[in-house]
Amino acid sequence: MIFSTQDLTVKYGQITALRDLSIILESGELTTLLGANGAGKTTLLKTISGLLKPTKGCITYQGVNIEGLQPDRIIKMGIAHCPEGRKALPRQTVYENLKMGAYIRNDSGVEKDIEYFFERFPRLAERRDQLAGHLSGGEQQMLVICRALMSKPKILLLDEPSMGLAPLVVKEVFEIIRQIHEEGTTILLVEQNAKMALKIADKGYILEVGKIVAVDDAQSLLKSKAVQESYLGG
Amino acid sequence: MLLQHLINGLSIGSIYALIAMGYNMVYGILELLNFAHGDVYAVGCFAALGLLTMGVHPALAIMAGIIVGFVINLFVEKLAYRPVRYSGRVTPTITAVGIAYIMRNAILKIWGPETFAFDIGVRGSNLQFGGIIIGTLQIYILLIAVSCMIGITLYLKKTKTGQGIIAISQSIPTAALMGVPVNRTISIVYGIGGALGVIGGILFCIYYDSIFIGIGFALGTIKAWMASIIGGVGSLKGAVMGAIMLGLMESMVSGYVSTLYKDAIVWLLLIAFVLIKPQGLFPAQVAEKI
Amino acid sequence: MMNLAANRKMITIAAILAACALPLVITDEYALRVLNVFFIYSVVALSINLIVGFCGQLDMGRAAFMGLGAYWSAILAVRLHFPFFVAFLTAGIFAGLVGAILGFLCRKSSFDYLTLITIGFNVVCQVVFLNWIPVTNGAMGIPKVPVPEFFGFAFDTNLRFYYLALGFLVVCYVLIERITKSKLGRAFEAIRDDSIAASYSGINIQNFKVLNFAIGSVFTGLAGSLLVHYTQYASPFNYTLDESVYQLQMAILGGLGSLPGSLLGTLILVVAPEISRSFYEYRLVFVGFMMVIMMIYWPNGLLGKAGVGERLIGIMRFRKKEPEEAGR
Amino acid sequence: MTELVKTEDLSKHFGGVKALEAVEMTIRESEILGVIGPNGAGKSTLFNVITGFYQPTRGKVFYNGVEVTGHRVDSVVDKGLARTFQNIRLFDQMTVLNNVLVGMHLQIHPGIMETLFRDPGKGQKEIEARDKCMSLLKYFGLEKDATLVSGNLPYGKKRKLEIARALASDPKILLLDEPSAGMNPNETAELMQLIDGINRKGYTVVVIEHNMKLIMGISHRIVVLNFGKKIAEGDPAAIQADASVIEAYLGKEED
Amino acid sequence: MNKRLAFLVMLIAVTLFGVSVASAADTIHFAVVGPMTGDSAGQGIQMKAGAQLAVDEINAKGGVNGKKMTFEVADDMATPNQAVIVAQKLSLDKKILFVVGHNNSSCSIAALPMWEKTGVPVISPSNTNPTLTRLGHKNYFRVVVNDDIMVNQVVKLAVKDLQVKKPALVWENSDYGKGMKDVALKALPALGVSLVGEESYVPGVDRDYSAIVTKFKGLGADGVLFLGDYTGAALLAKQAKNLNYKAKIVGASSIAHPKLIEIGGPAVEGVVSVTSFDPNDLRPKQAAFIKKYDSINKEKPGEWGAHAYDIVYLVKAAMEAGATDRASLIQKLQGGKSFDGVTGNIKFDKYGDVPDKKAFVITVKNGSFVSYKTK
């Protein structure tokens, strides 16, 4: 176990977004988090990465409680959050976006890593000096994932990477995620596209109105009748 | 004559440009209508004056003034703006007006409303081309303005903190997720804004060999704001161009229309400009979403 | 519910009666004058509240409209010998018209620009008051403005004027309260809270903004007119930007969106400087601190609604910055 | 069935992005029309162009046969449209009742005399409006919250209040933008009944949704958008069987 | 709510009953009214300092007819509306015998009717606008030479002594500058010269005069009549020098201030000004006053301080001649003998002006003011 939350409760004003939520991530595993809009998935990721402060509960990472730390501290510890909605920095170039991803790094390998991503995703390389705001949706998503990886995270939090992307691009994005996973990064994936997410995941949590309602390995969830009905459009 | 008026306008414009750059740091990046900008840097300029009259070396006094501007803005940001950072537009605007009042009256209490000589021993000479006279000081000021602009642009473009600042201007949460220490970086933005203001303010004082309370609000905040709006909010280049346009406009109106109605005419021109070209000369693209 | 409404009415009537009886206790001419000025400034604060508090348009040049009303009235009364009530009423209409025109020009302007334009308009008005000598008599101003007079009854003492000013305040207060509680006021508040949702409720945002500006300006203009007939002297130095900010502070101190708050805020800022010399000397620093502290801890003002309902916050959000995040 | 709204070649481009491209669609009287498609497919843009919030780059919008292209939002609303929003947009500082009264903006015409010379809330028009709003609130189970500040309501009630506000203007067409977002299955079921009830009262309803259960359960007709284009139109059964829809939106069954 | 209510009640109570404590009858009370806060506070504070010096001297020597003098200070904030409120307050205070003030002509115009109601003599140290004494207020006096006299002398100085052929005019846009400009526009044609250019500036705001200088240079003006404040004059001189414009600068009273040289430096060499008070006056009486004032206030007196000082002594003289209350003071002042103060000879005419008072001419030479010999 590399990471866990215990009894996490988060409130927006009077609204409780998460209620006593506990999850566990095993090192090197891809865990997916499923649930309807407003179930609290994004809230959970924001809380982990320090954007939101839980009212109650505890977040443990490598045996240390990181609850309450500022986002810049948390990313330094090796947890990168790739936010939903393709949050590229639109007024900066592709290159600058990637460089921003390495904001916390002071080593000399940054340029080399950027070149590595450019090699791996030639489409980004082509647009190296274009403003990120001018990229297509799929390219932006690619960029945002690469940017998150630039910090060399041990855990990657991915928030709906397939949102609003064409099916083909979605496939591509999932392929990237699968590769990152294979390279040994621990991933927490939030997805609406439940079927695809479960296919590449090791384990899945199902969230409903701020609560975990089911947890199982991905294959069993994929086959579960209830899950199919609620989340696979059955 | 026209050429001389143009040169006069250009030199006032370049002073406005320096002040506007500092203003625009905050306005462009954090969207705060910083009514306190002028009065904060005026404190820095008066601090420099205080040291000068105590016999401190001018270079040291000016450095100290710049540091004072930097530090005051750090404190003001922490105490007055950070608590209302996410409270919409009106709230921080009003706190800024409050800070302006506090600063201005602090100056009034300590130094009073008088005009003081501001003499650092630099005397510009004049270059004459035909009938046109250009002061060397004017050239220096223009050079300082341009090099500050280049310096800031490079700082924002090439340094890590600079890139962090640009990221913050686009989305605070996203920047935070990149590991940008948001509060510290925003403090730096305010600090630089204050320091740039002091540089502009001190050049103003040197150019006119005098300092008085009005360099803050009337000649600082308001002109910087006008320049930012002419240039387009959030564009450093725009602020500089806007400031120079403003200087030229004032000079031309004084020279060819009327000194009596100068302020009114310049304001009316600005209002007309805003109504015709609300995005300014160098607009930033914004799309409203629902 | 019913009981509360009835009580409120009783309290209001009692307050008005008490105000009417006040001169029996207070006979000091100076105190009466301060109260008279307070009544008039209250109307200005109410009009600012209508514009800034209810409609969310940050107007920082209200003194210009006071000046427009004052000069219009002074010129009509002194130069053209119109009777008081004609000068007074047309001053309100004139200020309202100018407000409508300015509002119309700014109808599409964003928050920043409107604020800038109102400041600019204040400067322009002052320059015109100062320099359009044939009409405004420039820096020397227009002296000997006649005292208010209705059908031969002159309000020429502080006591008589007290009732006129009180009546003026009561009428303006009632009218403004009715406006804010009508369809009109709801539309203003809707624009302030969410202009997009407001337009989807069928509100023509631009027209209502213009209307709001015009109505506010009518009241400001009337107050300006009444004050000039009271001080009997119109001077360009009364309508400066500093004056505008001071008036704005009256509305802020009491609470934007709260009408009784405007009265309280005005009372404090008009009366307190007269009480204490030291307050007098440091009043500007005081209001400076007050503006900062109020905005941070008490954004709704002294009599604004308490709790989460920060009236100001909905006006224009930092959408790109998602206020709920990183706000710690 | 009469066509209340008709679009012709409706296109909206943002810079180089074609958010809507040559969409031709109709809204028919008394139907429940579902609009589905992946995020970013142009569903909200379609709403925004139809209601006048965006000016279309190309094409026309007709309402009851009258062209309304380029009209301001409020004048389109005046033709009998009302909507709710994806991210709830209430007047947060106003009371629940006042929110609904704002919704009635176009129905109340109190006149200057009533505004200025009657006690607040005592005018004839005002009383009638309040009564109507209260009965509307009652229908949504919000009558007890009428005097609360709307910003303090819980999420579910906010959603209902938004619908109530939209209905207050007595629209012919009600546009609902992801009304079930953030609702649990029970709430969603309740919402489905509510929408159905509204439709039975004679309102035409258009719904943007991701929730397939809801959309397939109540829609009479479904329009599918993808990349700004209409890729399919038909009754729920047909849509579920449509290959292009499955590929773009519902997802292929095989690997 | 209760706390707020209590606060409110307290506030009202304090206002209404906060009448100042009555004091012994054997003191002479008066008031100094001027801008004590804000941008022109410096002038009001000088008025206060001048009056204070006089009062201290008088009291140290046993007072006036055995009574000590004391005064209170009120702030008109340089705004007419506030001036009226101050007048309302103090004019009803029976103790107040007379008023030193106001500083701004607009404040005087606004407040004089109020002072007149209770017959308070108002003696201004600095209102120079000629129209003020023609408004018909019997209680109004000023010890300063009015602009009519002052500006006529400036014009004469420029045309006759300095041989200016093509004069240009700069005036500050205030009641003060405007009044002077009107006089100059009448005086110039009378001497047979016509103005080639006329510009204005906003005192305390405008700092750039290069457009004006460039314009005047283009018009070929050989002399500039500067009717405004010393800061403006100093900056104009500097910017003229920078632009190689060599016209003679002639000014009225308000530029004759040590700050002119401090700010203007070498650029103001040769500037000539008519003044009613010279801060470098070497005559024994004046020099003693200046030294004393300087040692207390760490600043040389300007005309405000000197005039306020004179006003107090002037009233002392009138009281020693038999004035006892407001009415008799006005009477004594109106028909008074001439009084010799540090600013010159004060004798009021029927309007309350001092037509006989002489203004003198000074010029800047080697970084200080010296007197200028007129022809």
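**Note on the chain contacts and selected local features of this model**

1. Where chain A meets chain B, about 1,900 Å² of area is buried, and carbon and sulfur atoms give 59% of that area. On the side of chain A, the residues that lose the most area to chain B are Arg91(A), Met100(A) and Tyr103(A), which together account for 34% of what that side buries. Please keep in mind, here and throughout, that this is a predicted model.

2. Counted by residues, this interface brings 21 residues of chain A into contact with 17 residues of chain B. The rule finds one salt bridge across the interface of chain A and chain B, and the pair that forms it is Glu96(A) with Lys157(B), whose closest N and O atoms are 2.9 Å apart. Helix 2 (71–76) and helix 3 (94–101) of chain A each supply at least two residues of the side of chain A that touches chain B. Across this interface of chain A and chain B there are also eight residue pairs in polar contact.

3. Turning to the next interface, the most contacts among the eight pairs of chains that touch are those between chains B and C. Here 53 residues of chain B are in contact with 51 residues of chain C, and the area buried between chain B and chain C is about 4,700 Å², with carbon and sulfur atoms giving 75% of it. Within chain B, the residues Tyr86(B), Ile94(B) and Tyr101(B) lose the most area to chain C, and together they make up 15% of what that side buries.

4. The polar side of the interface between chain B and chain C can be listed briefly. The rule finds one salt bridge across it, formed by Asp242(C) with Arg104(B), and the closest N and O atoms of this pair are 3.8 Å apart. The count of residue pairs in polar contact between chain B and chain C is two. Several helices of chain B each supply at least two residues of the side that touches chain C, among them helix 1, helix 3 (58–81), helix 6 (160–170) and helix 11 (262–276). Helix 4 of chain B gives the largest share of that side, with 13 residues.

5. Helix 6 of chain B deserves a paragraph to itself. Nine of its eleven residues are buried, so helix 6 of chain B is largely enclosed by the rest of the structure. The buried residues of this helix include Gly162(B), Ile165(B), Ile166(B) and Ile168(B). What covers the buried residues of helix 6 of chain B includes helix 3 of chain A, and, from chain B, helix 1, helix 5 (136–158), helix 7 and helix 8 (182–208). At the start of helix 6 of chain B, a side-chain oxygen of Thr159(B) reaches to within 2.9 Å of the backbone nitrogen of Gly162(B).

6. On the surface of chain B there is a nonpolar patch formed by Met1(B), Leu2(B), Leu3(B), Leu6(B), Tyr256(B) and Val257(B), and together these residues have about 580 Å² of accessible area. Helix 1 (2–30) and helix 10 (236–257) of chain B each supply at least two residues of the patch, and helix 1 of chain B gives the most, with three residues. Val257(B) has its place in helix 10 of chain B, and Val257(B) counts as exposed because its relative accessibility is 52%, where exposed means over 50%.

7. Chain E offers an example of the opposite kind, a buried residue. Ala308(E) lies in helix 11 (residues 303–320) of chain E, and it counts as buried because its relative accessibility is 0%. Leaving aside its neighbours within four places in sequence, Ala308(E) is in contact with Met47(E), Gly50(E), Ala51(E), Val100(E) and Pro125(E). Ala308(E) and Gln286(E), which are 22 residues apart in sequence, are 14 Å apart in space, C-alpha to C-alpha.

8. Some pairs of chains do not touch. Chain A and chain E are one such pair, with their nearest C-alpha atoms 25 Å apart, and chain D and chain E are another, with their nearest C-alpha atoms 20 Å apart.

9. Finally, chain C can be described as a whole: it has 13 helices and four strands, and 66% of its 328 residues count as buried. Among contacts in chain C between residues at least 6 apart in sequence, 78% join residues at least 24 apart. The accessible surface of chain C comes to about 11,000 Å², and 72% of that surface belongs to carbon and sulfur atoms.

Note on methods:
Residues numbered from 1 in each chain as written. Chains lettered and ligands numbered in written order. Predicted model: local features only at pLDDT ≥ 70, side-chain atom pairs only at ≥ 80, totals over all residues. Heavy atoms only, no water. Patch = residues over 30% accessible without salt bridge, like charges linked within 9 Å, V, L, I, M, F, W, Y side chains within 5 Å. Areas by Shrake-Rupley, 256 points an atom, 1.4 Å probe, with all protein chains shown as cover. Salt bridge = Lys/Arg side-chain N within 4 Å of Asp/Glu carboxyl O. Buried < 20%, exposed > 50% of the residue type's maximum accessible area, 1.4 Å probe, protein only. Contact = heavy atoms within 4.5 Å. Buried area = accessible area lost by both parts, 1.4 Å probe. Polar contact = N/O pair within 3.5 Å; in protein donor to acceptor, adjacent residues only side chain to side chain.
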